[in-house]
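Take a moment with the sequence and the model below. We will start with the whole fold and then move to single residues.

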Amino acid sequence: MEQFLIQKIVDRDEDAFEQLVKEYRHSVLNTIYRYIGDSAEAQDIAQEVFIKVWQHAKNFRGESRFSTWLYRIVVNQCLNYRAKKRESLPILENTISSNSDVSFEDEEEKVAIKKAVNELPERQRIALILSKFEGKSYKEIAQIMKVSLSSVESLIFRARENLREKLLPLIKK
């Protein structure tokens, strides 16, 4: 199905493109927002992502799932955004709030948690977002980030360790 849709986009079928955008818009936008933390900027970047899909659909060779190719574009756009901004990113919402073994006392602690997530190295942060929020398997993340499976495991492990180290003083048991 995806390959058929992509071929139609390569042939400049705007209805097929609109269908693809509807299918992936929400997840693309959420991933970008979780990475950059700004809704308006996330929408602009998502639009750039889909423009790249339209312009470069002919380059999709079908060697991976389409979503893997699409998320690779998303990751690249997020990294490009970050490189251009070179500033502290806004607070990431709800990043680790679903962690059931941790409770936090007040808003100040939540801010500290979000700050800790925002301070993760870019590759750790992207791997964590793709895993935790987009539900991507480690194998998919490896394809998206063009790294080995063991590298993904390491990135996510280090991200969690970094968060644990930074947040340990705030955790109530």
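**From the fold to the side chains**

The protein has eight helices and zero strands. This is a predicted model. Read from start to end, the pattern is α-α-α-α-α-α-α-α. How much of the protein is buried? Of its 173 residues, 42% count as buried. Now look at the contacts between residues at least 6 apart in sequence. Of these, 66% join residues at least 24 apart.

Next, find two helices. Helix α2 covers residues 14-36. Helix α3 covers residues 39-56. How do they sit against each other? Their axes come within 8 Å and cross at roughly 140°. Angles over 145 degrees would count as roughly antiparallel, and 65 to 115 as roughly perpendicular. The crossing angle of roughly 140° falls in neither range, so α2 and α3 are oblique to each other. The crossing of α2 past α3 is right-handed.

Which residues meet there? From α2 come Glu14, Phe17, Leu20, Val21, Tyr24, Arg25, Val28, Leu29, Ile32, Tyr33 and Ile36. From α3 come Ser39, Glu41, Ala42, Gln43, Ile45, Ala46, Val49, Phe50, Val53 and Trp54. Sort the residues of this contact by type, and you get 16 nonpolar, two polar and three charged.

Stay in α2 and pick out Ser27, which lies in this helix. The Ser27 side chain reaches the backbone oxygen of Tyr24, at 3.2 Å. Tyr24 is also one of the α2 residues that meet α3. What does Ser27 touch beyond its neighbours within four places in sequence? Ser27 is in contact with Tyr71 and Glu134.

Now move along the chain to helix α6, residues 122-132. Arg125 has its place in this helix. Is Arg125 buried or exposed? Its relative accessible area is 1%. Buried means under 20%, so Arg125 is buried.

What lies by the side chain of Arg125? A polar atom of that side chain is 2.3 Å from the backbone oxygen of Tyr35. Arg125 can also be placed relative to another arginine, Arg160. The two are 35 residues apart in sequence. In space, they are 9.9 Å apart, C-alpha to C-alpha.

Look back over the model once more. Find α2 and α3 with their right-handed crossing. Then find Ser27 in α2 and the buried Arg125 in α6.

Terms used:
Residues numbered from 1 in each chain as written. Predicted model: local features only at pLDDT ≥ 70, side-chain atom pairs only at ≥ 80, totals over all residues. Heavy atoms only, no water. Helix = DSSP H or I, 4+ residues; strand = E, 2+ residues; numbered from the N terminus. Polar contact = N/O pair within 3.5 Å; in protein donor to acceptor, adjacent residues only side chain to side chain. Contact = heavy atoms within 4.5 Å. Axes fitted to C-alpha atoms, helices over the stretch in contact; angles between N-to-C directions. Parallel < 35°, antiparallel > 145°, perpendicular 65-115°, else oblique. Left-handed = near helix turned anticlockwise from the far one by under 90°. Nonpolar A, V, L, I, M, F, W, Y, C, P; charged D, E, K, R; others polar. Buried < 20%, exposed > 50% of the residue type's maximum accessible area, 1.4 Å probe, protein only.
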